[in-house]
Amino acid sequence: MGQNSMKAPLLRVYMTLFNSVVAVLPFRWPQCYEGVGSTALLLQHIVQAEHQRVLLVTDNQLVQLGLVAPIQSELQRLGAVVEIYDAVLPDPDIAQIEAGVAHAQRLNAEAILAVGGGSVIDAAKVIGARCKSTKSVQAMAGMFKVWRGMLPLFVLPTTAGTGSETTIAAVVSEPELQRKFAIMDLHLMPTATALDPELMIGLPPAVTAATGMDALTHAIESYLSRNAFADTREKSLEATRLIAMYLERAYQDGTDLEARAGLAKASHLAGQAFTKAGVGYVHAIAHQLGARYHLPHGLANAMVMPYVLADALRESAQQLAQLARAAGLASTESNAQSSEGDIALAMRFIEKIRLMNESFGIPSKVSALQEKDVPAIATAARAEARFTYAVPKYWSQAEAEQVVRQLLPVNAAEIT
Ligand SMILES: [Fe+2]
């Protein structure tokens, strides 16, 4: 007996209580500037808010690409003192965060500007929180433990996926333990952001696809969540519509500014949707695959998603059919309210995701996955979902293993 034996009805009661807490939480979404030229508006905002000393947190690749220098000079031209911390790597660890904290303290930074993807934005959040507190990064793990707030954080996302510019979460890696942990706190909400499509045109097609599929996972899982709200449902549907319309376009032509802007907006809306409604088993499994086999987060989600959705087909047919309609997949069935109509549309939606993966060159199996790892991955995914995600149905260990097993490379699956 113990936590593992916690029955689904009790979990449901807990998650319903959780939902009523979320309903009254005072979310303050960041001020959001949009479109070509919005970077300049964000930089003006920083200076007008009288933040004179700014730590610009980014990664070295973006510096090498020449993306960061113009932002730094423009902010300096507006009168701010700006120093760059560019040692953030994918899946940032505590050492990278502490080095950023030391830099911020030397500068006596009054604000942080994050320029980058999810890893950079998450690292910037934790650097900002650590600058206000002597608490260790590990001690902030979990929910509502960032008591002393965060330095004002401004964000220029360079990918359209995590939505981290509008979420209260940051993920930190502990590579030596092969795991990641999340810090979730209202204090981690950025102050303002600019969704500038021009910052995303250099993103390679594979990264465009993987990050876009991450945003799609946020939209779908938040929509299927039993803790979805009217506003999150609307945002999930709109994000799904935009991704269905623009992801393949941006993948084909990275300089398509309309497509880039649409995806940035989608990622932002999906970020707000899952901040309130949560995600689900796709993320729970993908986190395990990321930690064990170093699969990038978006890629792992994209691979896991068709299997988890197919498993939820019965429970979630109506919601999946709504998502299919948002994605423009409904034709004659669009008005059919029968369950057959919904199931047909839901299946078409899952098939659309499979086809998108295929067109992006995203494999359907995890080559590094081994049968001996399946039980532990299933256990960890179930543990992550328990008390965290209001999934359509809670899995038994056997059900979880059965879904994970479908990701085994073909030969391994044949052996089992
Ligand atoms: Fe995600």
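Which domains does the domain assignment of the protein chain give? Keep that question in mind as you open this predicted model.

**Stop 1: the two domains.** Select residues 30-200 and give them one colour, because the domain assignment (from an automatic or database source) calls this stretch domain 1. Then colour 203-415, which is domain 2. If you mark the centre of each domain, taken over C-alpha atoms, you will find 27 Å between them.

**Stop 2: where the domains touch.** Now look at the boundary, where 24 residues of domain 1 are in contact with 24 residues of domain 2. On the domain 1 side, select strand S1 (31-34) and strand S8 (179-184), the elements that give two or more residues to the side touching domain 2. Try colouring that side of domain 1 by residue type: it divides into 8 nonpolar, 11 polar and 5 charged residues.

**Stop 3: a bent helix.** Next, select residues 230-252 to bring up helix H8, which has 23 residues. From the first C-alpha of H8 to the last is 34 Å, close to the 33 Å expected at 1.5 Å a residue. Where does H8 bend? Click on Tyr 246, and you will be at a bend of about 40°.

**Stop 4: two crossing helices.** Finish with helix H14 (residues 374-385) and helix H15 (residues 397-405). Their axes come within 9 Å and cross at roughly 120°, and the crossing is right-handed. Show the side chains where they meet: H14 brings residues including Val 374, Ile 377 and Arg 382, while H15 brings residues including Gln 397, Glu 401 and Val 404. The residues of this contact divide into 7 nonpolar, 2 polar and 3 charged.

Key. Residues numbered from 1 in each chain as written. Predicted model: local features only at pLDDT ≥ 70, side-chain atom pairs only at ≥ 80, totals over all residues. Helix = DSSP H or I, 4+ residues; strand = E, 2+ residues; numbered from the N terminus. Expected span 1.5 Å × (residues − 1). Bend = angle between axes of the 7 residues up to and from the residue. Axes fitted to C-alpha atoms, helices over the stretch in contact; angles between N-to-C directions. Left-handed = near helix turned anticlockwise from the far one by under 90°. Contact = placed C-beta atoms within 7 Å. Nonpolar A, V, L, I, M, F, W, Y, C, P; charged D, E, K, R; others polar.
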